[in-house]
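Thank you all for coming; I would like to walk through a few local features of one chain, taking them one at a time. Please have the structure open as we go.

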Amino acid sequence: MTSTAPADIRPDPPRPEGAADLAEFGYRQELHRSLGRYASFAAGFSFISVLTTVFQFFAFGYAFGGPVFFWTWPVVLVGQLLVAACFAELAARYPLSGAIYQWSSRLSNVAFGWFAGWIMVIGQIVVVAAAALALQMVMPPLWSGFQLVGGDPSPTSATGAANAAVLGVILLVLTTVVNVLDNRVMSAINRVGVTAEIIGACLIAVLLLTHSERSPGITFHTGSGTGGLFGALLVGSFTAAYVMIGFDSAGEMSEETHNPRRTAPRTILTALGAAGLLGGLIILGGILAAPSLTDGHLGTDGLSYVLTSSLGDGVGRVLLADVVVAIAVATLAIQTAACRMLFSMARDGQLPFARRLARVNPRTGMPTAPALVVGVLAAALLLLNFASPDAFLAIGTTCIVMLYLAYAMVTGPLLVRRLRGEFPAGGTDETGAPLFSLGRWGAPVNALALLYGLLMTVNLAWPRAAVYDPTGGHWYFQWFTLEFLLVTVLGGWLYRAARAQRGHTAPEGLPSGVAAESA
C-alpha cells in the first residue's frame, strides 16, 4: 500500500466497523460498511443475473447444440460450485476489495497476483460492455420504438448491432452516475432490482413449464450442432459458462459488508446456487414451451420469441420489462465490481494514476475515478458493434475467457498452498464461529475446480471458425479471444517492465501477508 503523509490522510467513514480487521492487512477503512446479508447476496446474484445472460445467450446455445444443450447447464453449475467453494474459504480469510487480485497475491506473489487482477479487471470491463449489449435482445421486442437505428433488430445484423451499442451507451451513462452517487443508493437499487429479477425469473420458469408443448425427453435430442454431439455440447456450454460467472462479487464488496468473514462465504455460494437453479428451469421451460424447435426462431430470437408467442403478447411484454430491469441492475453490479478491483490495485500503487484511482469520497464512500474509467472504457468497447455484428459474440466470449483464466490464477496457487500444508484451515469469524472451511475435502475439491477451470478456458478460447467467424473472411474475429488476451498480457508486461526500469520492482508499503517480488 502506498505510504501517505499526514496531510494526505483521508477522513474515516461514519461507520468505522471492521477498521481493526482491515488494519491487520495494512489498510484503512475508507469504503463505507452499509451492506447486510441480502445486499451481499444481491451483489453476487446481480452480477450473474440469470435473466440478463440467459436471454442474451440462449439463442446461441440452442443454435449450436439444439435441445441437448440444456445438459451443459448442470455440468457447468457443478464445476462453478467447486470454484465457488474455494472462493468461499478465501472470502472468510481475506475479506478485501479486489478479491481476485488480493487472493492471488497472498497465495502466490505480487507479480502473479498483479496479472490475475489485471486480467480480471480487463475482463470485468468487457463484461460490463457485453451486459449492456443485452438490452438489444429484449427492448425492441418489448416495443419497436426502442429500435433507434432503423432496420433489422437482430443483434447479429448491422442495424441491430448498431442499435445495441446505442442502447448500451445510454445504460452505461446511467450506471456510471449511480456508481458515483452513494454506496447506499447503489445498494438500494441493487436490492430492489435483484428482488424484481428473482420474482420475474420464478414467474417465467413457472409459466414456461406450465405451457409446455412437449416432454422433457426432447432435451436428449441434438440440433445441427458442430462436430457431432460432443462438439454441440462443447459450444452449447458457452451459454452456461457465460451465465455463471461473477459470484465472487460478494467477496469484492467485503470491505462494505457487515461481518464479511461470516457473510461473504455464504452469499457467494447461495448466489450461485440460486442463479443456477433458476437459470436451469428457465432454459428447460424455454425449450419445452417454444411453439416450434425447427422454424429457426429459437436460434435467432431466443427466449424473447418464446415469451411473446407462448405466453401471449401482454404477459410476454410485462416479463420482458422485468428482464430490462435485470439487465440494468446487472450492468450496475458488474461495473461496481470492476471499480472495486481498480480501487484495490490502485491503493497498492499497482496502476497508473494510482493516487487518483484509490481516492474515496469520504461523503459517499465511493471511489469516483474508477467508475468513470470503467464506464468510458466499456462504452468504447461498444463501438466495435458498429464495425461488425460479429463483435457481439466476440466481446461476450472474450470476457468469459478472461474471468475463467483469472479464477484459475486463484485456484492454482491455492491448491499449491494446500498441498504444502500452508493454507490456514482454522480461525473464527466476527461472531466467534469457525471460518468456512472445506476441511479434508479441500484438496480434491480444489484440484477439480482448477482442472474444470482450465478445460473450460481452453474450450471457450478455441478459435472455431463456425462460432467466431460464421460469415467467413474475418480471421481476426476467429482469433479475437486469443488476440485480446495476448494484447492484455503484453500490455501488462510492458507496464510492469516500464515500472521496473524506474526502480519500482515492488510497491511501497506492501500489504500485510503478500509475498514480495524478487528484484
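Let me begin with a question: is glycine 98 buried or exposed, and why? Bear in mind that this is a predicted model. Glycine 98 has a relative accessibility of 0%, and because buried means under 20%, glycine 98 counts as buried. Its place is in the loop between helix H4, residues 72-93, and helix H5, residues 99-107. Leaving aside residues up to four places away in sequence, glycine 98 touches Glu252, Arg340, Met341 and Ser344. Alanine 337 lies 239 residues from glycine 98 in sequence, and yet the two are 7.9 Å apart in space, C-alpha to C-alpha.

A second loop residue is serine 157, which is found between helix H7, residues 135-142, and helix H8, residues 158-181. Serine 157 is also buried, with a relative accessible area of 13%, and its side chain reaches the backbone nitrogen of glycine 160 at 3.0 Å.

Turning to helix packing, H3, residues 50-65, and H9, residues 183-210, pack with their axes 10 Å apart and at an angle of about 45 degrees, and they are therefore oblique to each other. In this contact, Val50, Leu51, Thr52 and Phe55 of H3 meet Glu197, Gly200, Ala201 and Ile204 of H9; by class, that gives five nonpolar, two polar and one charged residues.

Finally, helix H16, residues 368-382, has 15 residues and reaches 22 Å from its first C-alpha to its last, close to the 21 Å expected. Among the buried residues of H16 are Ala369, Pro370, Val374, Ala378 and Leu382.

Key: Residues are numbered from 1 along each chain as its sequence is written. This is a predicted model: local features need pLDDT of at least 70, side-chain atom pairs count only at pLDDT 80 or more; totals for chains, interfaces and linings use all residues. Side-chain values use heavy atoms; hydrogens and water are left out. Helices (H or I, at least four residues) and strands (E, at least two) are DSSP runs, numbered from the N terminus. The expected span of a helix is 1.5 Å times one less than its number of residues. Buried means under 20% relative accessible area, exposed over 50%, partly exposed in between (1.4 Å probe, protein chains only). Contact means heavy atoms within 4.5 Å. A polar contact is a pair of N or O atoms within 3.5 Å; within protein, one must be able to donate a hydrogen and the other to accept it, and residues adjacent in sequence count only if both atoms are side-chain atoms. Axes are lines fitted to C-alpha atoms, for helices over the stretch in contact, and angles run from 0 to 180 degrees between N-to-C directions. Angles under 35 degrees count as roughly parallel, over 145 as roughly antiparallel, 65 to 115 as roughly perpendicular and the rest as oblique. Ala, Val, Leu, Ile, Met, Phe, Trp, Tyr, Cys and Pro count as nonpolar, Asp, Glu, Lys and Arg as charged, and the others, Gly among them, as polar.
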